[in-house]
Amino acid sequence: MFKLSALRCVLLGVSGYVLIGCGGSSGNNPGTTPVPTANELRIGGLFSLTGNWNTLGKASKAAVELARDDVNAYFASRSIATRVTLFVTDTKLLPETAAADLNSLVDKQVRYVVGPQSSSEVARLKATADSSGTLLISQGSTASSLSIADDNVFRMVPDDVREAKALVALARADGIQALIPVARDDAGNGGLFTSVSARFSDVGGEVAAGIRYGANETDFTATLNSVRAAIVALRATHTDAQIGVYLAGFDEDAQILALAQADPTLSAVKWYGSDGVVSSAALSSNAGSAAFMSQHGFPNPIFGLDDSAVGTWSPVAQRIKAKSGVDPDAFALSAYDAVWLAALSYQAAGGSAATATDRRNSLFATASTYTGVTGPTKFDASGDRNDGNFDFWSVGGSAGSYRWMRVASYKAADGSIVRIP
């Protein structure tokens, strides 16, 4: 079993992790030959750097750049000739942009791609990945509709069914008996909307009629009018303390929560969120949404990091923040692990002599024994992360000092919720 400890012997110095060696490039270089040089492993990165959910995109870009440097240093220390080169593009979280970028990467003979980060993008790219033999390793896609065996889509995170179990466990522990589901109308958030609604109903809760808003929506007046009407209707049989709103979206959640903060009906009930906004600067920097979260909660689940392994993942997280200015979450750290999985599995498959099937099988096998900064990376039969533990994050503090904080955790083994003071 290869563990990150093997890397530590290369990179760990007197004062902690230090950078040894760079190598490779980042970003699309028009002068780069379309044919890989000898011993060159090309890895792509499809991230939203300037569009929606760009906090994750920026942290992921820094993560894969650091992983490239660390992998190349590790290979050099083992006298392995392979070197990783990166090609990172800005998809802006737009499926068509991601599709064009993937086609460009395929033309450059890039065989492993970290990302894209949204399920809508992954769904759009899946056919091209399968037909070209390119392996997509997404660090943020959760839609269970993409949990398909024997394809070229791998995901470093659990799917929305597992996330729904965690979210509903917290809501029920809070005493929520009736839930109003609201979601951005896209593959990933739509999947969460469906899975959370189904799970809440399965455990005996009442689920109100769902509310969806368009992916390009900017005016949320009608959406919040519908939420308000649903709260009023549920008050006939439930107290405000028993009513919850589940909101699955991206950075636009900042606008929605800011409006809710100023509305006595909307702010009278508990709200819950999704993985798509964890660590988002859009929410923590918006005075209205930050105040809402600080006063009312709005916990958001994301797959959990092992506290006992903080000595492994914290140094990498600090390096990512220093490079990107973003506090990385578990999704961003999993992008770091994805580069390691690609590189190690490429070597195990035989390097440049490997076929597309060899590379896919080797990635699956390598992940089953690899332990990275985010813990064991084993995939289930559909190529999704097998781990089902989650942490919940919200914004706390006060005006001028709002920050993202971990507020609870969920253990899949027994379905327990642990509050974090």
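## A walk outward from strand β3

Select residues 40–47 and 83–90: these are strands β3 and β4, which pair in the parallel sense over eight bridges. Strands here are DSSP runs of E with at least two residues, helices are runs of H or I with at least four, and both are numbered from the N terminus. Two strands pair if DSSP finds at least two bridges between them. Before going on, note that this is a predicted model: local features need pLDDT of at least 70, side-chain atom pairs count only at pLDDT 80 or more, and totals for chains, interfaces and linings use all residues. Residues are numbered from 1 along each chain as its sequence is written, and side-chain values use heavy atoms, leaving out hydrogens and water.

Now color residues 54–77. That is helix α2, which the chain passes through on its way from β3 to β4 in a right-handed β-α-β crossover; right-handed means that, with the strands pointing away from the viewer, the path from the first strand over the helix to the second runs clockwise. For one bridge up close, pick G44 in β3 and its partner F87 in β4.

Next, show the β3 side chains. E40, R42, G44 and L46 point one way, while L41, I43, G45 and F47 point the other. In a regular strand the side chains alternate between the two faces of the sheet. Eight of the eight β3 residues are buried, so the strand is largely enclosed by the rest of the structure. Buried means under 20% relative accessible area, exposed over 50%, and partly exposed in between, using a 1.4 Å probe on protein chains only.

Add residues 112–114, strand β5: three bridges join β5 to β3, and the two run parallel. Here Y112 stands opposite I43.

Step along to the loop between β5 and α4 (119–132), where P116 sits. The G115–P116 peptide bond is cis, with omega about -5 degrees.

Go back to the loop between α3 (95–107) and β5 for Q109. Q109 isn't a glycine, yet its phi is positive, about 65 degrees. Q109 is partly exposed, at 32% relative accessible area.

For another positive phi, about 75 degrees, jump to S279, also not a glycine. S279 lies in the loop between β12 (270–272) and α9 (281–285) and counts as buried at 16%.

Last stop: L234 in helix α7 (residues 221–234), buried at 7% relative accessibility. Beyond neighbours within four places in sequence, L234 is in contact (heavy atoms within 4.5 Å) with A178, I180, E206, A208 and I243.
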